[in-house]
Amino acid sequence: MPGQKTYVVEHLDPECGPWSTLEYLAIAMECTDARARFCLSSAPRGLHLPESLRICKGLDIEYRGVEDVYRHPRNRVCLLDPAAKEELSPKDGDDFDVFVFGGILDRTSELRKKGFTGRRLGPIQMTTDTAVRVTRTVIHQQTPLNAVPYVDYPEIRIDEHESTEMPFRYVKDAQGKPVMPEGMIDLIKKDSEKGFGDLF
């Protein structure tokens, strides 16, 4: 696995909601610990970031799209694409230096048409931070995709009478619980009555 790896999330939204903020903070921290680079690309010039992200160590902002940043050599860039025919594997760490994720306003299909090589992360949708976490586990730790411990559609207890099922796949920790960014469960509980669309 030669060289430093870069994890890129395309962020086209002029705002950064509380959900994305917590995800980006987690990705930045984990990438820093792994000696990897984390970047938001295609950021609007007027992007408003909360203070926690403005002072965050390990987060780079790029206003150009990945097709411009990594014009040459494009063959070292891997697009995480649910429509790809091949799943991500540890050997991809030798072939790719940059791993791109479509983000909330998903650009995956557009980037696919631009010729980026795609890899799948399995059949179940993941949150952005989970997708980066799984990719980093496969590439940095050389763990096969099917050997990563998962929990699908976990139930989050809101109070003693109410719970909500998360519509995603997560990495499972040693206690069998989903790995989520710090503060995410509190955010879900706080805004459970609004619906997930308001959290991003």
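These legends describe close-up views of a predicted model.

**View 1. The largest pocket holds about 540 Å³ of space.**
Its lining is made of 24 residues. D106, Q125, M126, T127 and A131 lie nearest the centre of this pocket. Two elements, helix 1 (18–33) and helix 6 (128–140), each give two or more residues to the lining. By class, the lining has 12 nonpolar, seven polar and five charged residues.

**View 2. The second largest pocket has a volume of about 160 Å³.**
Helix 1 supplies the largest share of its lining, five residues. L22, L25, A26, M29 and E30 line this pocket, together with R133, V179, M180, P181 and E182. Seven lining residues are nonpolar and three are charged. No polar residue takes part.

**View 3. Helix 1 has 16 residues.**
From first C-alpha to last, helix 1 reaches 23 Å. That is close to the 22 Å expected at 1.5 Å a residue. The buried residues of helix 1 are W19, S20, T21, L22, E23, Y24, A26, I27, A28, E30 and C31. Among them, L22, A26 and E30 also line the second largest pocket. R35 follows helix 1, and its phi is positive, near 60 degrees.

**View 4. The largest nonpolar core has 33 residues.**
Y7, Y24, F38, F99, F101, L121 and V134 have the most contacts inside this core. Strand 1 (6–10), strand 2 (37–41), strand 4 (77–80) and strand 5 (98–101) each supply at least two of its residues. So do helix 1 and helix 6. The largest share, five residues, comes from helix 6. Another core, of 12 residues, lies apart from this one. F168, M180, M184 and L187 are among the residues of that other core. In soluble globular proteins, nonpolar side chains tend to be buried together.

**View 5. F38 is among the residues with the most contacts inside the largest nonpolar core.**
Neighbours within four places in sequence are left aside here. F38 is in contact with Y7 and V9. F38 also meets Y24, I27, A28 and C31, and these four are buried residues of helix 1. G58, L59 and D60 complete the list of its contacts.

**View 6. The structure holds one cavity of 30 Å³ or more.**
The volume of this largest cavity is about 30 Å³. V8, R37, C39, S41, E62, V66, V69 and Y70 line it. Strand 2 and helix 3 (66–69) are the elements that give two or more residues to the lining. Strand 2 gives the most, with three residues. Five lining residues are nonpolar, one is polar and two are charged.

**View 7. Y150 is found in strand 7 (residues 150–152).**
Is Y150 buried or exposed? Y150 counts as buried because its relative accessible area is 18%, and buried means under 20%. Residues up to four places away in sequence are not counted among its contacts here. Y150 touches M126, V134 and L145. Y150 also touches R169, Y170, V171 and K172. Two of these partners appear in other views: M126 is one of the residues nearest the centre of the largest pocket, and V134 is among those with the most contacts inside the largest nonpolar core. E86 is 64 residues from Y150 along the chain. The C-alpha atoms of Y150 and E86 are separated by 20 Å.

Methods: Residues numbered from 1 in each chain as written. Predicted model: local features only at pLDDT ≥ 70, side-chain atom pairs only at ≥ 80, totals over all residues. Heavy atoms only, no water. 1 Å grid on protein atoms, 1.4 Å probe; cavity = no way out; pocket = protein on both sides within 12 Å on 5 of 7 lines; lining within 4 Å. Points joined across faces, edges and corners; volume = space filled by probe spheres on them. Nonpolar A, V, L, I, M, F, W, Y, C, P; charged D, E, K, R; others polar. Core = buried A, V, L, I, M, F, W, Y, C linked by side-chain atoms within 4.5 Å. Buried < 20%, exposed > 50% of the residue type's maximum accessible area, 1.4 Å probe, protein only. Contact = heavy atoms within 4.5 Å. Expected span 1.5 Å × (residues − 1).
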